[in-house]
Amino acid sequence: MPRIEGSRAPCAACRNHHLRCPIDCPLAPYFPANQPEIFRNVHRLYTVATLTGILKYLGDNELMKQEAIRSIKFECHVRRNNPVHGCLGLLRSLEHELNELEKELEDVRYMVYWLRKNNQKQQQIIQDSQITPMPSIGNGNGNGNGNGNVPVNNDRSVGGLSNNGSDLRLYFD
Ligand SMILES: [Zn+2]
């Protein structure tokens with residue numbers, strides 16, 4: 001992260017400790033003056049010595065230093081919101097959410113499988129009914145009260161699913 005040379009406001013770390021911020025302050029690139037709250041939050045868990053020690057350990061690897069400070073800021077933010085469990089609480093919460101979503105996904109996959117299977121059965125029934133000529137039904141006698149010689153099944157439901165499509169639409173609305 002490039003440093004702004006010349007006159008600048010003391011970084012949030014130095015300001016918090018009422019110190020003059022040297023031009024080579026190791027924390028200045030990561031804790032700018034306009035983010036005092038973020039530094040105070042980090043300072044609850046990490047001392048300045050620990051932070052500078054981590055940065056020193058990472059040497060000239062600027063990418064690693066940025067990532068380390070970003071991770072520390074995130075950890076401290078989570079700890080502030082969940083002082084008891086911190087990141088572990090967040091991890092468990094996300095694991096629980098993931099498990100619930102995986103169960104839901106499994107249900108949806110099963111439903112898709114089941115609907116496809118029923119659709120195939122219905123298509124087969126329609127094809128069979130078109131191949132086999134349907135016997136004539138008496139006029140106006142109604143179902144189950146006709147001449148009694150031709151059983152007609154007007155219910156094309158398969159596996160309890162009506163063929164009028166309204167039940168299917170319930171799953172897709
Ligand atoms: Zn400073």
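Asn41 sits in helix H2, and it makes a handy way into this predicted model. The protein chain has six helices and zero strands, so to speak an α-α-α-α-α-α run from the N terminus on. Of its 173 residues, 8% count as buried.

**Asn41 and its surroundings**

- Is Asn41 buried, exposed or partly exposed? Asn41 counts as partly exposed because it has 17 C-beta neighbours inside 10 Å, short of the 20 needed for buried and above the 12 that would make it exposed.
- Leaving aside neighbours within four places in sequence, Asn41 touches Cys76, His77 and Arg80.
- Take Cys76: it lies 35 residues from Asn41 along the chain, yet the two C-alpha atoms are separated by 6.2 Å.
- Across the protein chain, 44% of the contacts with a separation of 6 or more are between residues 24 or more positions apart.

**H2 against H4**

- Helix H2 (residues 36–43) and helix H4 (residues 62–81) have axes that come within 9 Å and cross at roughly 80 degrees.
- That angle falls between 65 and 115 degrees, so H2 counts as roughly perpendicular to H4.
- Which residues make the contact? From H2 come Ile38, Asn41 and Val42, and from H4 come Ile72, Lys73, Cys76, His77 and Arg80.
- By type, the residues of this contact split into four nonpolar, two polar and two charged.

**H4 against H5**

- H4 also packs with H5, at an angle of about 85 degrees and with the axes 7 Å apart.
- Once again the label is roughly perpendicular, this time for H4 relative to H5.
- On the H4 side you'll find Glu75, Val78 and Arg79, which meet Gly86, Cys87 and Leu90 in H5.
- Sorted by type, the residues of the H4 contact with H5 are three nonpolar, one polar and two charged.

**The long run of H5**

- How far apart are the end C-alpha atoms of helix H5 (residues 86–131)? They are 68 Å apart, and that agrees with the 68 Å that its 46 residues should span at 1.5 Å a residue.
- H5 is hardly covered, with a count of zero buried residues among its 46.

**The nonpolar core**

- As background, nonpolar side chains tend to be buried together in soluble globular proteins.
- Here, the largest nonpolar core has 13 residues. Those with the most contacts inside this core are Cys11, Ala12, Ala13, Leu27, Phe31 and Phe39.
- Helix H1 (12–16), H2 and H4 are the elements that give two or more residues to this core.
- Where does the largest share of the core come from? It comes from H1, which puts in three residues.
- Leu27, one of the residues with the most contacts inside the core, touches Cys11, Ala13, Leu51 and Thr52 once residues up to four places away in sequence are set aside.

**A backbone oddity at His18**

- His18 is found in the loop between H1 and H2.
- Its phi is near 55 degrees, a positive value in a residue other than glycine.
- Is His18 buried or exposed? His18 is exposed, because it has 7 other C-beta atoms within 10 Å, and 12 or fewer is the cut-off.

Methods
Residues are numbered from 1 along each chain as its sequence is written. This is a predicted model: local features need pLDDT of at least 70, side-chain atom pairs count only at pLDDT 80 or more; totals for chains, interfaces and linings use all residues. Axes are lines fitted to C-alpha atoms, for helices over the stretch in contact, and angles run from 0 to 180 degrees between N-to-C directions. Helices (H or I, at least four residues) and strands (E, at least two) are DSSP runs, numbered from the N terminus. Angles under 35 degrees count as roughly parallel, over 145 as roughly antiparallel, 65 to 115 as roughly perpendicular and the rest as oblique. Two residues are in contact if their C-beta atoms, placed from the backbone, lie within 7 Å. Ala, Val, Leu, Ile, Met, Phe, Trp, Tyr, Cys and Pro count as nonpolar, Asp, Glu, Lys and Arg as charged, and the others, Gly among them, as polar. A nonpolar core is a set of buried Ala, Val, Leu, Ile, Met, Phe, Trp, Tyr and Cys residues joined through C-beta atoms within 7 Å. The expected span of a helix is 1.5 Å times one less than its number of residues.
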